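The following exercises ask the reader to derive a fold description from coordinates. Each task is followed by a solution in steps.

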Amino acid sequence: MQFRTGTLDDVPTLWALRTRCVRETCSSHYPPEVIAPWSTSPPPSQYARLLGQGGCVVAEDAQGVLLGFGVFDCDANEVDALFVDPGRGGQGIGQALMLRLLALADRGREVVLSASLNAVPFYQRQGFISAREESYPHPSGVALASVSMRRPW
């Protein structure tokens with residue numbers, strides 16, 4: 001497994017993986033009427049800023065095949081996204097990506113994130129603590145049930 005900084009040119013490939021993850025992984029915790037609009041939404045406008053700041057870590061195999069990616073918002077000290085190819089779960093890819101995202105964080109502040117319901121156990125294993133359940137107003141128009149989490153140093 002190798003890692004590199006993601007660029008704006010990567011967005012279509014990264015977003016395709018994210019869409020697969022929403023459809024295949026998140027569907028275990030969300031109904032079809034939420035998955036449909038969520039999975040078809042376009043990349044968020046802040047990706048240009050976040051990737052432009054070097055806040056994206058891409059994991060690939062030796063042949064350059066995408067295994068997963070994470071996006072970190074340095075201004076908010078927030079994990080914005082972390083997705084692993086659904087067929088590659090449980091191989092340590094997510095944990096390796098998380099370590100690289102945390103290396104971008106300001107250690108003087110807690111790292112925060114909003115976790116999809118299916119991802120809460122993964123983030124707990126990475127040292128995050130559930131703060132509260134919330135409803136995230138997704139740009140697609142659906143309200144996503146999620147969990148606000150924080151990670152103290």
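Contact, as the term is used below, means heavy atoms within 4.5 Å. Angles run from 0 to 180 degrees between N-to-C directions, with axes fitted to C-alpha atoms. The coordinates are those of a predicted model.

**Exercise 1. Overall dimensions and composition**

Task: Determine how many helices and strands the protein chain has, and compare its radius of gyration with that of a compact globule.

Solution.
Step 1. The protein chain holds five helices and seven strands. Read from the N terminus, their succession is β-α-α-α-β-β-β-α-β-α-β-β.
Step 2. For 153 residues, a compact globule would have a radius of gyration near 15 Å; the protein chain has 15 Å, and therefore agrees with that expectation.
Step 3. The C-alpha trace spans about 35 × 35 × 30 Å along its principal axes.
Step 4. Of the 153 residues, 45% are buried. Among contacts with a separation of 6 or more, 61% are between residues 24 or more positions apart.

**Exercise 2. The order of the sheet**

Task: Establish the strand order of the sheet and state which strands lie at its edges.

Solution.
Step 1. The seven strands form an open sheet in the order β1-β2-β3-β4-β5-β7-β6, and the pairing is mixed.
Step 2. β1 (2-5) and β6 (129-137) each pair on one side only, and are the edge strands.
Step 3. From one strand to the next, the twist averages 25°.
Step 4. At one edge, β1 and β2 are antiparallel, with four bridges; R4 has V58 in β2 as its bridge partner.
Step 5. At the other edge, eight bridges join β6 to β7 (residues 143-151) in the antiparallel sense. Here I129 is matched with R150 in β7.

**Exercise 3. Strand β2 and its hairpin**

Task: Describe how β2 is covered, which way its residues point, and how it connects to β3.

Solution.
Step 1. Five of the five residues of β2 are buried.
Step 2. C56, V58 and E60 point one way, while V57 and A59 point the other way; all are buried.
Step 3. β2 and β3 run antiparallel and are joined by five bridges, with A59 partnered by G68 in β3.
Step 4. The two strands form a hairpin with five residues between them, and G64 in the turn has a positive phi of about 85°.
Step 5. Further along, the loop between β3 and β4 contains N77. N77 has a positive phi of about 55° although it is not a glycine. Its relative accessibility is 1%; the cut-off for buried is under 20%, so N77 counts as buried.

**Exercise 4. Helix α1 and its neighbours**

Task: Work out which strands α1 lies across, and how α1 is oriented against α2.

Solution.
Step 1. α1 (residues 11-24) lies across β2 (56-60), β3 (66-73) and β4 (78-84), and runs at about 100° to β3.
Step 2. The axes of α1 and α2 (residues 32-40) come within 9 Å and cross at roughly 175°. Angles over 145 degrees count as roughly antiparallel, and α1 is therefore roughly antiparallel to α2.
Step 3. On the α1 side the contact involves R18, T19, V22 and R23, which meet I35, W38, S39 and T40 of α2. These residues divide into three nonpolar, three polar and two charged.

**Exercise 5. Buried positions around α4 and the α5-β6 loop**

Task: Identify the buried residues of α4, then decide whether Q126 and F128 are buried or exposed, and list what they touch.

Solution.
Step 1. In α4 (residues 93-102), seven of the ten residues are buried: I93, G94, A96, L97, M98, L101 and L102.
Step 2. Q126 lies in the loop between α5 (120-125) and β6. With a relative accessible area of 12%, Q126 is buried. Not counting residues up to four places away in sequence, Q126 touches Q95, M98 and R151.
Step 3. F128 lies in the loop between α5 and β6 and, at 3% relative accessibility, counts as buried.
Step 4. Leaving aside neighbours within four places in sequence, F128 is in contact with V79, M98, L102, V111, L113, Y123, M149, R150 and R151.
Step 5. The C-alpha atoms of F128 and R107 are 14 Å apart in space, for a sequence separation of 21 residues.

Methods
Residues numbered from 1 in each chain as written. Predicted model: local features only at pLDDT ≥ 70, side-chain atom pairs only at ≥ 80, totals over all residues. Heavy atoms only, no water. Pairing = 2+ DSSP bridges. Parallel < 35°, antiparallel > 145°, perpendicular 65-115°, else oblique. Nonpolar A, V, L, I, M, F, W, Y, C, P; charged D, E, K, R; others polar. Rg over C-alpha atoms; globule rule 2.2 N^0.38 Å. Buried < 20%, exposed > 50% of the residue type's maximum accessible area, 1.4 Å probe, protein only.
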